[in-house]
Amino acid sequence: MMLTLFLQAPAGGNNSMMLIMMGAMFVGFYFLMIRPQMKKQKQEKKFQEELKVGSRVVLTSGLHGRIAQIQEDGVVIETLSGKLKFEKAAISREFTDARFGEKATKTSDKKEITDTEKK
């Protein structure tokens, strides 16, 4: 008899506690799932708007190329095999000069050294 009394829920005070828990769960989901996704979407939209002709990019498929034209419905990417048209959303990331700057200066220095040594 005593065991059944402990297992029964109280009649009136549990509704407010349930609403507080539901609200806490919603706030948790917002900060852990919804807000980061919205932030990522804003960053992607900003990245797509800042694309310039001549930028080196990598597409989500792994294709490397340079932007030849920017159009309303997409971009034209120039690759070694020719020009291809893609959606702006297909661009995964941009290769900047800062990323390749060290490699480019090292190779150009080597060329200058070999050119001066030959003379």
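A nonpolar core is a set of buried residues of the kinds Ala, Val, Leu, Ile, Met, Phe, Trp, Tyr and Cys, joined through side-chain atoms within 4.5 Å. Keep that in mind, and remember too that what you have open is a predicted model.

**The whole chain**

Start with everything shown as a cartoon. You should find three helices and five strands, and if you follow the chain along its sequence the pattern reads α-α-β-β-β-β-β-α. Now switch on a surface. The chain exposes about 10,300 Å², with carbon and sulfur atoms supplying 60% of that area. How many of the residues count as buried? Of the 119 residues, 13% do. One more number for the overview: among contacts between residues at least 6 apart in sequence, 32% join residues at least 24 apart.

**Stop one: the core**

Select Leu51, Val57, Leu59, Ile67, Val75, Ile77 and Ile91 and show their side chains. These seven residues make up the largest nonpolar core. Which strands each supply at least two residues of this core? They are β1 (56-59) and β3 (75-79).

Next, click on Ile91 and look around it. Setting aside neighbours within four places in sequence, Ile91 is in contact with Phe47, Leu51, Val57, Val58, Leu59, Ile67 and Val75.

**Stop two: Ser55**

Go to the loop between α2 (14-49) and β1, where you will find Ser55. Is Ser55 buried or exposed? Its relative accessibility is 10%, and the cut-off for buried is under 20%, so Ser55 counts as buried. Bring up Glu94 as well: the side chains of Ser55 and Glu94 make a polar contact at 3.3 Å. Beyond four places in sequence, Ser55 is in contact with Gly65, Arg66, Ile67 and Glu94.

**Stop three: Arg66**

Arg66 is on that list of contacts, so to speak the next click along. You will find Arg66 in strand β2, partly exposed at 40% relative accessibility. Leaving out residues up to four places away, Arg66 touches Gly54, Ser55, Arg56, Val76, Ile77 and Glu78. Try the distance tool on one of those partners: Arg66 and Val76 are ten residues apart along the chain, and their C-alpha atoms are separated by 8.6 Å.

**Stop four: Lys83**

Val76, Ile77 and Glu78 turn up again when you select Lys83, which is in contact with those residues and with Ala68, neighbours within four places aside. Lys83 lies in strand β4 and is exposed, with a relative accessible area of 57%. For another distance to try, pick the C-alpha atoms of Lys83 and Ile67: the two residues are 16 apart in sequence and 9.3 Å apart in space.

**Stop five: the salt bridge**

The structure holds one salt bridge. To see it, select Asp73 and Lys85, whose closest N and O atoms are 3.1 Å apart. Asp73 sits in the loop between β2 (64-70) and β3, while Lys85 belongs to strand β4 (residues 82-86), so the pair ties together parts that are twelve residues apart in sequence. Colour the two by accessibility and you get partly exposed for Asp73, at 45%, and partly exposed for Lys85, at 48%.

**Stop six: Thr79**

Move to strand β3 and pick Thr79. With a relative accessible area of 14%, Thr79 is buried. Its side chain makes a polar contact with the side chain of Ser81, at 3.2 Å. Farther along the sequence than four places, the contacts of Thr79 are Leu63, His64, Gly65 and Leu84.

**Last stop: an aromatic pair**

Finish with the rings. A search of the whole structure finds one aromatic pair. Select Tyr30 and Phe31: the ring centres are 5.2 Å apart and the planes stand at 80°, so the pair is edge-to-face. The cut-off at work here is an angle over 60 degrees. Tyr30 is partly exposed at 31% relative accessibility, and Phe31 is partly exposed too, with a relative accessible area of 48%.

Methods. Residues numbered from 1 in each chain as written. Predicted model: local features only at pLDDT ≥ 70, side-chain atom pairs only at ≥ 80, totals over all residues. Heavy atoms only, no water. Phe/Tyr/Trp six-rings, centres within 6.5 Å; stacked < 30°, edge-to-face > 60°. Buried < 20%, exposed > 50% of the residue type's maximum accessible area, 1.4 Å probe, protein only. Helix = DSSP H or I, 4+ residues; strand = E, 2+ residues; numbered from the N terminus. Contact = heavy atoms within 4.5 Å. Areas by Shrake-Rupley, 256 points an atom, 1.4 Å probe, with all protein chains shown as cover. Polar contact = N/O pair within 3.5 Å; in protein donor to acceptor, adjacent residues only side chain to side chain. Salt bridge = Lys/Arg side-chain N within 4 Å of Asp/Glu carboxyl O.
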